[in-house]
Amino acid sequence: MSPSPKPAERTLHLAESNSTVLVFADADAASKAAADRIVRIIAQAVAARGKAILGLATGATPEKVYDDLAARVRDGGLSFRDVTTYNLDEYYPIQPLDALSYRTYMHRHLFSRVDLAPNRAHILDGTVPETFASEHAAQFDRWIDDDGGLDLQLLGIGRNGHIGFNEPLDLTVEAFAALPTRLVDLHPITKVDAVREFGSVDAVIPRALTMGVRQILGARTILMLATGPKKAAIVAEALKGPITAAVPASLLRTVADKVVWLLDEPAAAELG
Ligand code: F6R
């Protein structure tokens, strides 16, 4: 039996967007709601197709979600036996065992704590030669396609609206929506926010491999988790401003019927 999701404090109906926006009292409650939904999606996908394909995020936001999922596995209420994962991104270049790699992050927060087979935990490889990076990225997209696409993509949002490391670009919405997995330059705001891990802006690895927008928007369910006051302005812009490649998360409104925004009150503060 999968647990039923905790009721949201409130559900917002925004005139500008038909997205589902659920607001919780705090980050713990929003994270618990995300974990509840992930557990249900795993159960439904495994029942329907014998496997669940999850797209996962790193960063500060999903840490509590992974704690919750790990606790359920430890208590016997959840298994990753039939799960395959694809992470959104990885710095480039970086060694997998580097303390700052997203491979290390995922090992620490989830992979070492659940019964996921190591060869089903896919993270873009920060050690591929640069001449091979685009082929590696294309192969990553093919693996996801061959797995039948993502049942779920878990997302956080950058303060510049990025999803994965799909940074704001001067492109049409159509061109942006079609972007494949690829090597990218990090945006100045992303580098400032990475000082938390790297210690200084100059120490931040300036490039990354990121899952493309095409693959993210193609997921059958998208959970966007945003918590804390620093996300309030960009959450409002993404949900109420124009749909534009200058605010990557605004493109989630082009597939609004399969997107659920899980916010805490501070992140929802500018939605009205
Ligand atoms: C992480 C990722 C990023 C983060 C975003 C928010 O894999 O792709 O888009 O989700 O930068 O980061 P936090 O959660 O640290 O605020």
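User: Which element gives the most residues to the lining of the largest pocket?

Analyst: Rolling a probe the size of a water molecule over the atoms shows where empty space is left. On a 1 Å grid over the protein atoms alone, a pocket is an open set of points where a 1.4 Å probe fits, with protein on both sides within 12 Å along at least five of seven lines, and lining residues have an atom within 4 Å of a point. Helices (H or I, at least four residues) and strands (E, at least two) are DSSP runs, numbered from the N terminus. Here α3 gives the most to that lining, with five residues. This is a predicted model, in which local features need pLDDT of at least 70 and side-chain atom pairs count only at pLDDT 80 or more, while totals for chains, interfaces and linings use all residues. Residues are numbered from 1 along each chain as its sequence is written, and side-chain values use heavy atoms, with hydrogens and water left out.

User: What takes the space of the largest pocket?

Analyst: A molecule sits in a pocket if more than half of its atoms lie within 2 Å of the pocket's grid points, and here the ligand takes the space of the largest pocket. Of the 40 lining residues, the closest to the pocket centre include Gly59 and Arg196.

User: Which residues are closest to the ligand?

Analyst: A residue is near a molecule if one of its heavy atoms lies within 4 Å of it; 13 residues surround the ligand, the closest being Thr58, Thr61, Asp89, His162 and Lys231.

User: How many Å separate the ligand from histidine 162 in their polar contact?

Analyst: A polar contact is a pair of N or O atoms within 3.5 Å. An oxygen atom of the ligand is 2.6 Å from a side-chain N or O atom of histidine 162, another contact places a ligand oxygen 2.8 Å from a backbone N or O atom of glycine 164, and a polar backbone atom of alanine 60 is 2.9 Å from a ligand oxygen.

Technical notes: Polar contact = N/O pair within 3.5 Å; in protein donor to acceptor, adjacent residues only side chain to side chain.
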